[in-house]
Structure formats: C-alpha cells, structure tokens
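Colleague: Please walk me through this model, one packing question at a time.

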Amino acid sequence: NGRRSHPMSKVFLLRAESSKEDKYKPFLEAHGFEVLNVPVLKVQLREVILESGVDYSGLIITSSNAVRAIQLETPFSWNKPVFALGKATADAAAELFGENVSGQDCANAKELAAFIIEHTRPVVSSPLLFLAGDKARPELPELLREAGFTLSQSIVYSTDPIDNAGKVVLDLMNLNVAAEGFTSHLENVPSMWVVCFSPSIANAVIPTLLEHAQKQTNMIRLAAIGKTSAKAIITMGGKVDAIAQTPTPEGLLESFQAYEDT
C-alpha cells in the first residue's frame, strides 16, 4: 500500500516574501493539506538600468522578483523576445510583455539555456540581457556563452534571510525547542512537509531545523523545489524526501505522491 498521507498533513512553504498571488496554497489545500506560507527571505528590488545605445537581442528572467523590479520602471519599453524560467515567472512576465514570453515549460537553468540556444541565434553585437538576483548561479550564463552568445547580466534584486529564520519556522511548527517535554504534545500530530523553494532558504533554515527537531525526524519530511534546492538541503545534512521536478504546485503535489507511493 505504501505510506499514506494523513488527511490533514501540514505543509510549510518556505519562500521569499512576495506581492503576487499565491498558487501553491489554494492548490494544496484543495488536495487535503493544511498549508502555511512562511516568508523567510526578504527581497530588495533594485533599479533596472539599460545601457544606452545597446541593441539587446532578448531578455532573460528567472524569477518573478525580476519582473517586480521591471515594474518599478516607468516606462519600460521592450519588444524583443523574453525568455522566462518556469510557469510562475512566465505568467508574471506575460502581464508585461504579452505573447513575447516563452520558456514556461523549462524546469531549471540548464533547460532554459537549451531552449534559448534552440530558438534563437547568437548575435555578437546584440547581447542577451539577463536580469538576475544577487544569488544567481553561473550555470545559465556559462552555457549561453559556451554556445556563442554575448550576455549582459544585471543584478536587479537581492535576497537575505529574515533574522532567526530557522527559529521562526520551528515556532510555527510548534516544536518546543526546550529539551524537556520535547515530544509530549506531538504524539498524535500528523506529518509535516517543509518545502524549500531555493538554496538560500535551505541554507537559512535547515541547519536549525535539524539541530532542534532530531527527535521528530520521523514526522518531518523535507521537500525541495528543483534539484538545486535539494542539493543545498543535502549539503546541510538533511535528507530530501521529495523533489518537485517542475516549479509548479502540480510538480510539488506529484513529488508528495511519489513519496507516499514508495
């Protein structure tokens, strides 16, 4: 039969603060989970500066935070292709750029790079503009440069953990961090999913969680949105129970179900 999920398993979505509509919470609640959004990263938007006189050939955005940064600019005129990583980012970008947006089916940077390489050709005099965050990994620019593309990368937002992020999560999970009476009120509590949306979040929360919740490891399950976040959890010493293969609510639910069916 495999392991069955408690009908009201709790899901803690650890993510960056956001002003956009959340799709994960209502989707998972509709599938019988009790869901709490936990904003553990602060996002600081920066000014988007376009180099004057540069004829960009396309725009790359890998986070809806980059879209929020663009929205601060009025006007921001753009009529070239827009390559967005994943459905959430593409949906946010489509509100600004309409049908110019593609890449919504790409699940990670490697797939987006392959998509760009397949659908456009390098023009040395017309760089691609990559609006990135301060924690952006080098994989996407490296793959594009190896394929002959010129790239102009601009940091348009930064993320930092909130103070005592791990403790905040522990408190919300109602895990008593004092040693005595540690498990007394947890006898009949359903399992809890802790979902990390990025490596930065894993780095900020997982060490504290592992340190204080060792006695609850049979009750706490760790999930990651994508392989990069999963690697960060493992690096911190955690065991990843589920990896969403796509950065979507459906992908996360499928990863939960795959765990239950093992």
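**Helices, sheet and rings**

Colleague: Why are α6 and α7 oblique to each other?

Modeller: Angles under 35 degrees count as roughly parallel, over 145 as roughly antiparallel, 65 to 115 as roughly perpendicular and the rest as oblique. Axes are lines fitted to C-alpha atoms, for helices over the stretch in contact, with angles from 0 to 180 degrees between N-to-C directions. Helix α6 (residues 165-173) and helix α7 (residues 199-212) have axes that come within 7 Å, and they cross at roughly 55 degrees.

Colleague: What kind of model is this?

Modeller: Residues are numbered from 1 along each chain as its sequence is written, and side-chain values use heavy atoms, leaving out hydrogens and water. Local features need pLDDT of at least 70 and side-chain atom pairs pLDDT 80 or more, while totals for chains, interfaces and linings use all residues: the model is predicted.

Colleague: How many charged residues are in the contact of α6 with α7?

Modeller: Residues touching (heavy atoms within 4.5 Å) include Lys-167 and Leu-170 of α6 and Val-205 and His-212 of α7. Asp, Glu, Lys and Arg count as charged; Ala, Val, Leu, Ile, Met, Phe, Trp, Tyr, Cys and Pro as nonpolar; the others, Gly among them, as polar. By class there are seven nonpolar and three polar residues, and the number charged is one.

Colleague: Now α2 and α3: what is the angle at which they pack?

Modeller: Ser-64, Val-67, Ile-70 and Gln-71 in α2 meet a set in α3 that includes Thr-89 and Phe-97. The axes of α2 (residues 64-71) and α3 (residues 86-97) are 8 Å apart, and the angle is about 20 degrees. That makes the two helices roughly parallel, at about 20 degrees.

Colleague: Which are the edge strands of the sheet?

Modeller: Strands are DSSP runs of E of at least two residues, and helices of H or I of at least four, numbered from the N terminus; two strands pair if DSSP finds at least two bridges between them. The open sheet of ten strands runs β5-β4-β3-β6-β7-β2-β1-β8-β9-β10, with mixed pairing. Two strands pair on one side only: β5 (101-102) and β10 (240-244).

Colleague: What is the angle between the planes of Phe-33 and Phe-256?

Modeller: Rings of Phe, Tyr and Trp (its six-membered ring) pair if their centres lie within 6.5 Å; planes under 30 degrees apart are stacked, over 60 edge-to-face and the rest tilted. Phe-33 lies in the loop between α1 (24-30) and β2 and Phe-256 in α9 (residues 249-260), so the pair ties together parts 223 residues apart in sequence. This tilted pair is 5.4 Å centre to centre, with its planes at 55 degrees.
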